[in-house]
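Here are some short exercises to work through at your own pace. Keep the model open beside you, and try each task before reading its solution.

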Amino acid sequence: MTRRTDWAEYTDGSAGPGDGAYGAAAAPYETDPFATGAREDDEVRHGDGGARRAGGRGRGAGGARGRRRRERAEPSAEDGGATSSSRAEKGEPPRDPVEQARALCLRLLTGTPRTRRQLADALRKREIPDEAAEEVLSRFEEVGLINDSAFAEAWVESRHHGRGLARRALARELRTKGVDGELIDAAVSQLDSEQEEETARDLVDRKLRATRGLDRDKRLRRLAGMLARKGYPEGMALRVVRQALEEEGEDTEYLGDEGF
């Protein structure tokens, strides 16, 4: 019996007791509290005469409101005059690479599981040092936040039932995600030839109506080609399509295999 794996098991950010800071949620992005800036109200000050009088009339309630807006928008000297949230502009030291790697991995794991290789590639793109990346990835594996075996099993179950992919196509997808060959073999072994053939029949039944009215050979090529793209063996694909066409009254006795 196939064991159904709950994706959320590896994405809820709780690693269990004894995991230290690795089970905590990633800190949110910092935002610039002064990003919007102040509204300028100096346009009436250009020129002379009436413009100056307009400025004079603005010294009442409106002028006070303008001053308050500028005071709120402009940081005072007591605040250090900081107008950016970047650490460099604040004069703060750069974040520790391990802290950066941990925060990035937690963000990437939020909502969907990922393989160790996928996370390692992401850390490399961010130029995280190899030592820091290895430390974080190993710790995440230790507490169960990274589990390539569970990832592969859940991937096979989901993609076979959801997209009708056969073992060959599933193995190809898992290889592109960096899953180890032994783990791939164990995951795709959940499916056997009988399950694959049953799924292939369902796929053909759903597509059969759309091919009605086409030439018999063209129907065969189109349906068998659909199964081939999903990773089904050629012999199985042809057998399933022939049986489906025979059930519709097509004569498949002399139907050749060429061109598949």
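**Exercise 1: an acid and its partners**

Asp121 is partly exposed, at 28% relative accessibility (partly exposed lies between buried, under 20% relative accessible area, and exposed, over 50%, with a 1.4 Å probe and protein chains only). This is a predicted model, where local features need pLDDT of at least 70 and side-chain atom pairs count only at pLDDT 80 or more, while totals for chains, interfaces and linings use all residues. Residues are numbered from 1 along each chain as its sequence is written, and side-chain values use heavy atoms, leaving out hydrogens and water.

Task: Which residues form a salt bridge with Asp121?

Step 1. Look for a side-chain nitrogen of Lys or Arg within 4 Å of a carboxyl oxygen of Asp or Glu, which is what defines a salt bridge.

Step 2. Arg117 qualifies, with the closest N and O atoms 3.3 Å apart. Arg124 also pairs with Asp121, at 2.9 Å from N to O.

Step 3. Place them: Arg117 and Asp121 are 4 residues apart in helix α5 (residues 116-125), and Arg124 is 3 residues from Asp121 in that helix. Helices here are DSSP runs (H or I, at least four residues), numbered from the N terminus. An α-helix has 3.6 residues a turn, so residues three or four places apart point the same way.

Step 4. Check exposure: Arg117 is partly exposed at 39%, whereas Arg124 is exposed at 53%.

**Exercise 2: a buried face**

Task: Which residues of helix α8 are buried?

Step 1. In α8 (residues 167-176), they are Ala169, Leu170, Ala171 and Leu174.

Step 2. Their cover includes α7 (148-163) and α9 (181-188).

Key:
Helices (H or I, at least four residues) and strands (E, at least two) are DSSP runs, numbered from the N terminus. Contact means heavy atoms within 4.5 Å.
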